[in-house]
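User: I would like to go through a model with you, one short question at a time. Please reason briefly and finish each reply on what I asked for.

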Amino acid sequence: MATDAPPPEASTQTRPAPPTTEDFIEMQESGEFGELRHSYRSFAFPLTIAFVLWYLLYVLLSNYAGGFMGTKVYSNINVAFVFGLAQFVTTFLIAWFYSRHAAAKLDPKAEAIKSRMEADA
């Protein structure tokens, strides 16, 4: 579908040159970037390990403790159903905790690094 509109005009503003490979390597080796990685890892790794262990517990109990998992909690709701729902709740809680952690600790540090990289370019 053709239009009679003229093509968009080129921007008169010139963009600064992007950071070089050396700039990225220098930033990667900086203490500030190391602190950002440490903040991320100290939050993400323990929660990931805890969640995987929690999930494996659920799977192992489902396979090897059928009597326990079949125990009725209320009406037709059994322990296995409660644990299954708890998996979803845990997933959403971890996502919520991570978003709060990222907003409070990671994003400001990452934004400072980004703005410095763009300003130095």
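Analyst: One definition before we start: rings of Phe, Tyr and Trp (its six-membered ring) pair if their centres lie within 6.5 Å. Planes under 30 degrees apart count as stacked, over 60 as edge-to-face and the rest as tilted. Note also that this is a predicted model.

User: How many aromatic pairs does the structure hold?
Analyst: A pair of aromatic rings is described by the distance of the centres and the angle of the planes. With the 6.5 Å limit on centres, the number of aromatic pairs in the structure is 5.

User: Which geometry does the pair of Tyr40 and Tyr98 have?
Analyst: The ring centres of Tyr40 and Tyr98 are 6.3 Å apart. Their planes meet at 85°. Planes over 60 degrees apart fall in one class, so the Tyr40 and Tyr98 pair is edge-to-face.

User: How many residues apart are Tyr40 and Tyr98, and where do they sit?
Analyst: Tyr40 belongs to helix α2 and Tyr98 to helix α4, which covers residues 79–120. The pair thus links distant parts of the chain. Along the sequence, the two are 58 residues apart.

User: Are Tyr40 and Tyr98 buried or exposed, or in between?
Analyst: Buried means under 20% relative accessible area, and exposed means over 50%. Tyr40 has 36%. Tyr98 has 32%. Because these values lie between the two cut-offs, Tyr40 is partly exposed and Tyr98 is partly exposed.

User: What class does the pair of Trp54 and Phe83 fall in?
Analyst: The centres of the Trp54 and Phe83 rings are 5.5 Å apart. The angle between their planes is 55°. That angle is neither under 30 degrees nor over 60, so the Trp54 and Phe83 pair is tilted.

User: Which helices does the pair of Trp54 and Phe83 link?
Analyst: Trp54 and Phe83 are 29 residues apart, and their pair links distant parts of the chain. Phe83 itself counts as buried, at 18% relative accessibility. The helices linked are α2, holding Trp54, and α4, holding Phe83.

User: Which residues do ring pairs link into a cluster?
Analyst: Tyr40 already pairs with Tyr98. Ring pairs join a further residue, Phe43, to them. The cluster is Tyr40, Phe43 and Tyr98.

User: Which residues does Gln87 touch, leaving out those up to four places away in sequence?
Analyst: Gln87 lies in helix α4. Its relative accessible area is 8%, so Gln87 is buried. Beyond its sequence neighbours, Gln87 touches Phe51, Trp54, Tyr55 and Tyr58.

User: Is Ser39 buried or exposed, and what does Ser39 touch?
Analyst: Ser39 is in helix α2. Ser39 is buried, because its relative accessible area is 9%. Leaving out residues up to four places away in sequence, Ser39 touches His101, Leu106 and Lys109.

User: Which residues form the nonpolar patch on the surface?
Analyst: One member, Leu60, sits in helix α2, residues 31–64. Leu60 is partly exposed at 46% relative accessible area. Together the patch residues have about 870 Å² of accessible area. They are Phe45, Ile49, Val52, Leu53, Tyr55, Leu56, Leu60 and Tyr64.

User: What sets the phi of Ser75 apart, and what is its value?
Analyst: Ser75 is found in the loop between β1 (72–74) and β2 (77–78). Ser75 is exposed, with 51% relative accessible area. Although Ser75 is not a glycine, its phi is positive, at about 50°.

User: What pattern does the protein chain follow along the sequence?
Analyst: The protein chain has 4 helices and 2 strands. One of the helices is α3, residues 66–69, where Gly66 lies. Read in sequence order, the pattern is α-α-α-β-β-α.

User: What is the radius of gyration of the protein chain?
Analyst: A compact globule of 121 residues would come near 14 Å. The C-alpha atoms of this chain fill a box of roughly 75 × 50 × 25 Å along the principal axes. The radius of gyration of the protein chain is 25 Å.

User: What share of the residues counts as buried?
Analyst: The protein chain exposes about 9600 Å², of which carbon and sulfur atoms supply 64%. Buried means under 20% relative accessible area. Of the 121 residues, the buried share is 14%.

Terms used
Residues are numbered from 1 along each chain as its sequence is written. This is a predicted model: local features need pLDDT of at least 70, side-chain atom pairs count only at pLDDT 80 or more; totals for chains, interfaces and linings use all residues. Side-chain values use heavy atoms; hydrogens and water are left out. Patches are made of residues with over 30% relative accessible area and no salt bridge: like charges are joined within 9 Å, nonpolar side chains (Val, Leu, Ile, Met, Phe, Trp, Tyr) within 5 Å. Accessible areas come from the Shrake-Rupley method with a 1.4 Å probe; for residues, only the protein chains shown count as cover. A salt bridge is a side-chain nitrogen of Lys or Arg within 4 Å of a carboxyl oxygen of Asp or Glu. Buried means under 20% relative accessible area, exposed over 50%, partly exposed in between (1.4 Å probe, protein chains only). The radius of gyration is taken over C-alpha atoms; the globule rule is 2.2 Å times the number of residues to the power 0.38. Contact means heavy atoms within 4.5 Å.
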